[in-house]
Amino acid sequence: MNSMTISTFFFFFYFLSSHFISSYSASDPCACQSNSLLDLSVIPIYSKCSPFTTAKADSLVNTVINMASKDPQRLQYLSTLAAQKTTSAPIASGQQALHIGNYIVRAKIGTPGQLLFMVLDTSNDAAWAPCSGCTGCSSTTFSPNSSSTFSLLDCSVAQCTQVRGLSCPVTGTSPSPCVFNQSYGGDSSFSASLSHDSLRLAKDVIPNFAFGCVNSVSGGSVPPQGLLGLGRGPMSLLSQSGSLYSGVFSYCLPSFKSYYFSGSLKLGPMGQPKNIRTTPLLKNPHRPSLYYVNLTGVSVGRVLVNIAPEYLAFNPQTGSGTVIDSGTVITRFVEPVYAAIREEFRKQVKGPFSTLGAFDTCFEVNREELAPFITLHFTGMDLKLPLENSLIHSSAGTVACLAMAAGPTNVNSVLNVIANLQQQNLRILFDVANSRLGIARELCN
C-alpha cells in the first residue's frame with residue numbers, strides 16, 4: 001500500500017467491561033458485514049446482538065446518562081492537558097473496569113501482530129497498551145516476549161522527552177528505562193514504559209511505533225485494551241505515521257439509536273469528501289494536543305443567543321476556547337453560555353420542564369414539534385444540528401431532553417467541548433496539514 005492509500009476500517013461505540021471481547025464466526029448474523037479492508041465483529045454491550053442480557057435496547061437512555069455522568073471528569077482531564085510538564089501521577093493496584101463510552105478500533109501490535117481493540121482519542125497524543133504482567137489491567141494484554149520487533153526505549157532517546165508524565169533520573173552512569181505516569185479521564189492513572197514495535201492498521205504497517213507498555217493501572221477510566229492517540233503532538237498516530245497519512249483523517253460516528261453503531265475512520269487524504277464545509281483548525285500552545293475551532297455564536301431556532309464574547313473567545317495564552325472531542329458524550333458549554341442557550345430553548349418550547357440524569361431541560365414528547373433547531377456558528381461555517389443530535393428521549397419515549405449541559409465549574413479556564421452525540425451522522429474531517437476542520441452530513445450507521 002503506497003503512502004497515499006487510505007486505511008478504512010470500522011470502529012464501534014462501546015460500553016466496555018474489563019473482561020468483554022467476543023469473537024463471532026462469519027455465519028453469525030450479528031457479525032459486521034463489510035466490503036472494507038478490515039471487517040470487525042465486535043458488538044456494543046447493549047445492542048440487539050449483545051450476548052449480555054443485563055443491558056437492553058430500551059434502556060439506552062440510561063446507558064447514555066451513565067456515560068454522560070463521566071463528562072465532568074473528562075472536561076477536567078482536558079483542562080489538564082497543558083504544554084509538556086515533567087510530572088507524575090500516583091499509581092496503585094486495583095481491578096480495572098471501563099465505565100465510560102468510547103470508540104474503539106481494531107489494531108495489531110508486534111510481529112506477528114497481536115489483536116487489540118484500542119480506544120480512539122482525538123484529545124490524546126500518545127498510544128499505550130496493557131502488557132503482560134500488568135497490575136490492574138484486563139485479561140487481554142500485549143505480550144512483548146511474543147514479538148520479534150519489540151524493544152524498550154531508554155531515557156536517552158528523543159521521544160522520551162515528548163511523553164507527558166516522564167520519570168527519568170537526573171543523574172546516572174547508564175540510561176534508565178523511559179518510564180512515564182499519566183492520569184486519564186479525570187479519575188484514573190497508569191504507569192508505562194516507552195517502547196517500540198510495529199503497529200498494524202488494516203494493511204498498513206507503521207514500524208518502530210512508539211507506545212507505552214502499561215504495567216500498572218488504577219481507576220476505572222483507563223481503556224482496558226489500550227488507546228490510540230489522534231491528537232496533534234509528536235507522539236500521536238498522525239505524527240508517527242509521517243507521510244503515510246499526510247496529517248489527514250476523518251471519522252463518521254453512528255447514532256446511538258442504531259443497534260449496530262458501526263462507523264468508519266478514514267486515514268489519509270484520498271477518499272475524503274470533496275465538497276465539505278470547513279472552518280479553520282486553531283492550535284492553542286497552552287493545550288497543544290487539542291483541536292480548537294472558533295465558535296462565534298449559537299442560534300436557537302431563528303434567535304441568535306446573546307452570549308458575552310469572552311465565553312467563546314479563543315485565547316492562546318489561557319487555553320480558553322472551543323474544542324472538538326471524541327471522548328466527551330454530550331456537548332458541554334461553560335455555565336453562562338449553556339444558561340443562555342437553555343433559557344432561549346425553554347422560552348420557545350414552553351414548559352413544564354423536568355430533569356433526567358445530566359439533562360435539566362426535559363419535556364413531554366408531544367411538545368417536541370415546538371423544539372427549535374440549534375445552530376453552531378463557526379468561522380466560515382454554520383452547523384445546524386438535526387433534532388436527533390440535540391435531543392435525547394427517555395426509554396419509554398414519553399419525554400425528550402435537550403442533550404447538552406453545563407461544564408464543571410472547576411475547569412481552570414473557559415473550555416467549551418463539542419461532543420460525540422452532536423457529531424453523530426456527520427463526517428468530521430481533520431486536515432491538520434492545512435489547518436482546517438470539515439463537516440458534512442453522512443449516514444454513518
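Me: What percentage of the 445 residues of the protein count as buried?
Reply: Happy to start there, with the reminder that this is a predicted model. A residue counts as buried when its relative accessible area is under 20%. Across the 445 residues of the protein, the share that meets this is 57%.

Me: And how much of the accessible surface belongs to carbon and sulfur atoms?
Reply: The accessible surface of the protein is about 17,200 Å² in total. The part of it that belongs to carbon and sulfur atoms is 52%.

Me: How many strands are there in the protein?
Reply: Let's take the helices and strands together. The protein has six helices. Its strands number 28.

Me: Which residue is the bridge partner of S183 in strand 8?
Reply: Strand 7 covers residues 179–184, and S183 is in that range. Strand 7 runs antiparallel to strand 8 (residues 188–201), with six bridges joining them. The partner of S183 in strand 8 is S189.

Me: Which residue in strand 7 does S167 stand opposite?
Reply: Strand 6 (residues 166–167) and strand 7 run antiparallel and are joined by two bridges. In strand 7, the residue opposite S167 is V179.

Me: Where does pLDDT stay under 50, with 160 contacts beyond four places in sequence?
Reply: Good one to check before you plan around the model. The protein averages a pLDDT of 78, and 73% of the residues score at least 70. One stretch with pLDDT below 50 is residues 83–101, which has 65 contacts beyond near neighbours in sequence. The stretch with 160 contacts is residues 1–58.

Note on methods
Residues numbered from 1 in each chain as written. Predicted model: local features only at pLDDT ≥ 70, side-chain atom pairs only at ≥ 80, totals over all residues. Heavy atoms only, no water. Pairing = 2+ DSSP bridges. Helix = DSSP H or I, 4+ residues; strand = E, 2+ residues; numbered from the N terminus. pLDDT = per-residue confidence, 0-100. Contact = heavy atoms within 4.5 Å. Buried < 20%, exposed > 50% of the residue type's maximum accessible area, 1.4 Å probe, protein only. Areas by Shrake-Rupley, 256 points an atom, 1.4 Å probe, with all protein chains shown as cover.
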